[in-house]
Amino acid sequence: AAAALIAVNTGDAPRPAMAEPVAAADAAAAANAANLVWRDEFNRPAGTAPDAAKWNVEVNGDGGGNDELQYYTDRRDNLAHDGEGNMVITARKGNPADYQCHYGYCQYTSGRMNTAGKFEHAYGRFEARIQIPTGQGIWPAFWMLGGDFEQVGWPDSGEIDIMENIGSQPADVHGSLHGPGYSGDNPITGSYYHPQGWAFADTFHTFAVEWSPESITWFVDGTPYQTFTPADTRGNPWVYDHPFFMILNVAVGGSWPKAPDASTQFPQQMKVDYVRVYDLG
């Protein structure tokens with residue numbers, strides 16, 4: 001099953017004037033190294049699949065609850081190590097294997113992978129260094145769902161969107177919570193605007209959350225840009241008190257980014273240098 005993954009840009013999130021250098025984020029990571037509880041550095045040979053001990057590869061064309069247009073495959077041309085230390089998720093136009101999607105003949109393929117049942121963790125710092133794709137209708141994400149998703153369903157399981165971007169807004173990334181009473185197009189959400197106004201697709205950036213029983217704080221390149229607490233759920237349940245699993249994917253189309261158009265270039269790649277999880281004590 002796939003969960004909905006919808007957010008809106010509130011437009012009033014803090015927009016810091018300057019980001020800390022990436023070196024600062026690296027220094028913070030080094031300081032936390034003793035507390036590292038899980039990692040994937042993606043240092044496998046070119047053309048190999050995600051590490052099956054760490055990741056599940058999702059295969060479906062159901063649209064993710066958002067009317068997305070892609071079929072998620074387990075093909076290496078959609079999900080593979082590049083041999084240079086990255087996992088590459090590639091969204092492609094076309095349908096060489098005649099996949100069927102919820103709307104009929106699929107127009108696009110892409111990749112989605114998760115750690116459900118293989119690594120689920122409550123609290124800590126969840127961090128990935130990613131170069132995102134770009135273009136109208138392209139929707140990369142690094143996010144989490146509650147480990148009880150199969151039992152209680154969405155949004156009661158909770159969803160933490162560490163990083164989402166829609167390609168028509170190349171200088172904005174979004175961080176959101178979806179839970180009972182605040183989900184779909186009504187999440188608790190905010191955005192971070194690139195301090196120089198540049199496209200996040202231009203290079204690698206580090207996206208993270210630090211999650212405790214009392215709060216969740218979002219970071220881009222070491223800069224914290226928003227914190228949500230149980231006081232922000234508008235009187236609804238705070239469901240971030242149990243283990244979650246991680247998801248990496250590139251969606252195409254959907255109710256938030258809308259469909260690609262003539263300006264969208266394919267293929268589009270999301271390159272993930274690493275994913276690391278730290279306990280914060």
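These legends walk through several close-up views of a predicted model.

**View 1. The whole chain, before we zoom in.**
Start with the overall picture: the protein has 281 residues, and 56% of them count as buried. Its secondary structure adds up to two helices and 19 strands, so keep an eye out for strands as you go through the views. On the outside, the protein exposes about 10700 Å², with carbon and sulfur atoms supplying 50% of that area. The chain also brings distant parts of its sequence together. Take the contacts between residues at least 6 apart in sequence: 75% of them join residues at least 24 apart.

**View 2. An open sheet of seven strands.**
Follow the strands across this sheet and you get the order β2-β9-β18-β11-β12-β13-β14, with antiparallel pairing. Where does the sheet end? Its edge strands are β2 (56–57) and β14 (188–193), and each of these pairs on one side only. As for what holds such a sheet together, strands pair through backbone hydrogen bonds, and they can run parallel or antiparallel.

**View 3. Two sheet neighbours, β12 and β13.**
Here we move in on one pair from that sheet. Strand β12 (residues 159–164) and β13 pair in the antiparallel sense, and the pairing covers four bridges. To find your place, look for D161, which stands opposite S176 in β13. Strand β13 covers residues 172–178, and H174 is found in it. Is H174 buried or exposed? It is buried, because its relative accessible area is 0%. The side chain of H174 still has a polar partner: a polar contact of 3.3 Å joins it to the side chain of Q169.

**View 4. The largest nonpolar core.**
This core has 48 residues, and those with the most contacts inside it are I130, I160, L177, Y240, L248 and V275. Which strand gives the most to this core? That would be β18 (residues 244–252), with five residues. Apart from this core lies another one, of six residues, including A141, W143, L145 and F245. Nonpolar side chains tend to be buried together in soluble globular proteins.

**View 5. L248 and its surroundings.**
Now pick out L248, one of the residues with the most contacts inside the largest core. What does L248 touch, once you leave aside its neighbours within four places in sequence? The list is W55, I89, G111, R112, M113, I130, A141, F142, M270, V272 and V275. Two names on that list, I130 and V275, also appear among the core residues with the most contacts.

**View 6. Salt bridges, one pair at a time.**
The count of salt bridges comes to eight, and here are some of them. R39 and E41 meet through their side chains, with 2.8 Å from N to O. R39 is partly exposed, with a relative accessible area of 38%, whereas E41 counts as buried at 18%. The cut-off for buried is under 20%, so E41 falls on the buried side of it. Salt bridges that share partners join R39, E41 and R276 into one network. Another pair is D51 and R44, whose closest N and O atoms are 3.2 Å apart. D51 counts as buried at 12% relative accessibility, while R44 counts as partly exposed at 40%. Finally, look at E127 and R125, where the closest N and O atoms are 2.6 Å apart. Both of these residues, E127 and R125, are buried.

**View 7. The hairpin of β16 and β17.**
Strand β16 (residues 216–220) pairs with strand β17 (residues 223–228) in the antiparallel sense, over five bridges. V220 has T223, in β17, as its bridge partner. How many residues sit between the two strands of this hairpin? There are two, and D221 takes a positive phi near 50 degrees.

**View 8. H194 in its loop.**
The last stop is H194, which lies in the loop between β14 and β15 (205–211). H194 counts as buried, because its relative accessibility is 6%. Setting aside neighbours within four places in sequence, H194 is in contact with A171, F200 and H205. A polar atom of the H194 side chain also lies 3.5 Å from the backbone nitrogen of W198. For a sense of how the chain folds back here, H194 and P170 are 24 residues apart in sequence but 8.9 Å apart in space, C-alpha to C-alpha.

Technical notes
Residues are numbered from 1 along each chain as its sequence is written. This is a predicted model: local features need pLDDT of at least 70, side-chain atom pairs count only at pLDDT 80 or more; totals for chains, interfaces and linings use all residues. Side-chain values use heavy atoms; hydrogens and water are left out. A nonpolar core is a set of buried Ala, Val, Leu, Ile, Met, Phe, Trp, Tyr and Cys residues joined through side-chain atoms within 4.5 Å. Buried means under 20% relative accessible area, exposed over 50%, partly exposed in between (1.4 Å probe, protein chains only). Contact means heavy atoms within 4.5 Å. Accessible areas come from the Shrake-Rupley method with a 1.4 Å probe; for residues, only the protein chains shown count as cover. A polar contact is a pair of N or O atoms within 3.5 Å; within protein, one must be able to donate a hydrogen and the other to accept it, and residues adjacent in sequence count only if both atoms are side-chain atoms. Two strands pair if DSSP finds at least two bridges between them. A salt bridge is a side-chain nitrogen of Lys or Arg within 4 Å of a carboxyl oxygen of Asp or Glu.
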